[in-house]
Amino acid sequence: MRQSASVLAAALVPLLLLGATACQSAPEGAALAPAAAPAVPVDDGAPGAEDAPVRAAAEAARVGESVRVDGAQVGRHLQAVLNAYVDPAVSVEKNFAPAAGKRWVAASMSFVNVGGTSYGALGHMWALDGAGQRHPVVPTGELTTGKPLVFDSLAVGERAEGWVVFEIPENARIVRLQYQDANMQANSGGGYWAV
């Protein structure tokens with residue numbers, strides 16, 4: 001009995017360490033988008049983007065492809081699509097630009113709640129460069145390509161769409177975008193897009 005308990009303990013230690021690492025909170029400024037105003041949801045009666053190919057969250061999707069993000073909470077499911085990617089991104093405000101030595105890149109995203117419960121907030125999103133650095137979303141206001149993604153809730157069947165912007169070093173090359181569900185401690189739902 002004592003031997004089986006020690007074997008069980010040895011097997012659980014790596015899992016506990018991995019869980020502790022995965023549960024670290026994101027930096028304060030890493031939220032997907034400011035909750036300044038609700039997005040105008042488009043409830044077209046469809047549970048998701050039927051014409052977009054759907055990939056598992058672990059696979060890297062491409063522009064136009066949908067990723068299904070399944071959270072650990074019962075009924076928490078999103079279908080996320082990267083609609084477009086621009087590099088560089090430009091603000092409609094002529095005096096609003098990235099810091100010196102930086103540039104903006106932006107992604108047009110759409111999220112549809114395809115689960116059985118509403119979302120109070122979306123999660124976090126990052127641009128990953130070729131050196132492995134993660135760059136969080138930054139607030140920029142409206143871009144020449146469209147309006148930012150902002151919302152305060154997403155009911156079942158509703159859609160939120162808009163642009164998210166990342167400020168990156170001028171010489172960085174973005175290779176992937178990452179989305180991770182907001183409830184970091186309860187689930188690890190997320191998705192990737194190659195760009």
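Strands here are DSSP E runs of at least two residues, numbered from the N terminus. Keep that in mind for the loop at the end of this tour. The model is predicted.

**Whole chain.** Start with everything shown as a cartoon. You should find one helix and ten strands. Trace the chain from the N terminus: the helix comes at the start, and the strands follow, in the order α-β-β-β-β-β-β-β-β-β-β. Of contacts between residues at least 6 apart in sequence, 70% join residues at least 24 apart.

**Surface.** Switch on the accessible surface. The total is about 10400 Å², and carbon and sulfur atoms account for 57% of it. Buried residues make up 40% of the 195 residues.

**Main core.** Select F111, F166, L177 and W193. Within the largest nonpolar core, which has 27 residues, these four touch the most other members. Now colour the strands that feed this core. β3 (66-70), β4 (77-86), β5 (102-113), β6 (124-129), β8 (159-169) and β9 (174-180) each contribute at least two residues.

**Second core.** Next, pick A89, W104, A106 and W163. They are among the six residues of a second core, separate from the first.

**The loop before β3.** Finally, go to E65. This residue sits in the loop between β2 (60-61) and β3. Is E65 buried or exposed? Its relative accessibility is 14%, so E65 counts as buried, the cut-off being under 20%. Show its side chain and the backbone of R62. A polar atom of the E65 side chain lies 2.8 Å from the backbone nitrogen of R62.

Terms used:
Residues are numbered from 1 along each chain as its sequence is written. This is a predicted model: local features need pLDDT of at least 70, side-chain atom pairs count only at pLDDT 80 or more; totals for chains, interfaces and linings use all residues. Side-chain values use heavy atoms; hydrogens and water are left out. A nonpolar core is a set of buried Ala, Val, Leu, Ile, Met, Phe, Trp, Tyr and Cys residues joined through side-chain atoms within 4.5 Å. Buried means under 20% relative accessible area, exposed over 50%, partly exposed in between (1.4 Å probe, protein chains only). Helices (H or I, at least four residues) and strands (E, at least two) are DSSP runs, numbered from the N terminus. Contact means heavy atoms within 4.5 Å. Accessible areas come from the Shrake-Rupley method with a 1.4 Å probe; for residues, only the protein chains shown count as cover. A polar contact is a pair of N or O atoms within 3.5 Å; within protein, one must be able to donate a hydrogen and the other to accept it, and residues adjacent in sequence count only if both atoms are side-chain atoms.
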